[in-house]
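Let's take a walk through this protein, starting from the inside and working outwards. Have the model open so you can follow along.

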Amino acid sequence: MGKKIFVSYKYKDPDVYPHNNNRFTTVRDYVDQIEHYLDGTDDIYKGESDDEDLSYLSEDEIWESLKDRIYDSTVTIVLISPNMKESRRRDSSQWIPLEISYSLKEISRGGRTSSSNAVFAIVLPDRNNSYGYFIKDYSCCSVGCASCNTNMLFNILKNNIFNQKRKQIAQACYNGAKIYLGDPSYIQIVKWIDFTNNAQSVINKAIEIKNKIDEYDICKEV
């Protein structure tokens, strides 16, 4: 069955690693790249096209268009970038948390009710080709530890990470960090390099987690 994919992202964030020696790259350029990693015989991209101009529409009209696309999708990809969140604005006034919320809700239209989307997040590299602004990797143990700067996330993203009702702890690292087995988060987070190395595996994992959604405390509100 085909996967219909919606991508949520900060359109004009330029603080990401350049593509193809192009000095001026925005997150939108990474969306174009994602389309190349989708299975052309199976996946359908439900976002806007690169040359699509919505600027003439009101915010309400844009939101109605976005809701139509999310409603008709089965997978939502969230792109984490250095400036994805405007700290001085409420989450409820920014597009990404609204899109995540709508993706997770069961929406009834015309006698049909959609199910919650599978959702995962991709961390994009910054201008220095580093993920350190969000993920810090450690070499303190054989299993491998990492910490995430969740303070830069919207609350709806933060609340759907490490939200499995019965998390399986593998061990505690000597630095005090807990290392979990299995899939402790409904919204898995992967680096861009890991997504590009095996995109279909990442997408299929998100769908696998979605199929056991009852194991998670899902936050659906902004």
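Which residues have the most contacts inside the largest nonpolar core? They're Leu79, Ile122 and Phe195, and the core itself has 48 residues. Keep in mind that this is a predicted model. Plenty of elements chip in at least two residues each: β1 (3-8), α1 (27-37), β3 (75-80), α3 (95-104), β6 (118-123), α4 (155-158), α5 (192-197) and α6 (199-210). The top contributor is β6, which puts in six residues.

Zoom in on Leu79 for a moment. Beyond its neighbours within four places in sequence, Leu79 is in contact with Val7, Ser8, Tyr9, Val27, Val31, Ile34, Met84, Ile122 and Leu124. There's also a second, separate core of eight residues, with Ile62, Ile70, Tyr71 and Tyr102 among them.

Now turn to α3. Eight of its ten residues are buried, so α3 is largely enclosed by the rest of the structure. The buried ones are Ile96, Pro97, Glu99, Ile100, Ser101, Tyr102, Ser103 and Leu104. Their cover includes β1, α2 (59-71), β3, β4 (108-109), β6 and α4.

Finally, step back to the whole chain. The secondary structure adds up to six helices and eleven strands, and 45% of the 222 residues are buried. Among contacts with a separation of 6 or more, 69% link residues 24 or more positions apart. As for the outside, the accessible surface is about 12000 Å², and carbon and sulfur atoms account for 44% of that.

Terms used. Residues are numbered from 1 along each chain as its sequence is written. This is a predicted model: local features need pLDDT of at least 70, side-chain atom pairs count only at pLDDT 80 or more; totals for chains, interfaces and linings use all residues. Side-chain values use heavy atoms; hydrogens and water are left out. Helices (H or I, at least four residues) and strands (E, at least two) are DSSP runs, numbered from the N terminus. Buried means under 20% relative accessible area, exposed over 50%, partly exposed in between (1.4 Å probe, protein chains only). Contact means heavy atoms within 4.5 Å. Accessible areas come from the Shrake-Rupley method with a 1.4 Å probe; for residues, only the protein chains shown count as cover. A nonpolar core is a set of buried Ala, Val, Leu, Ile, Met, Phe, Trp, Tyr and Cys residues joined through side-chain atoms within 4.5 Å.
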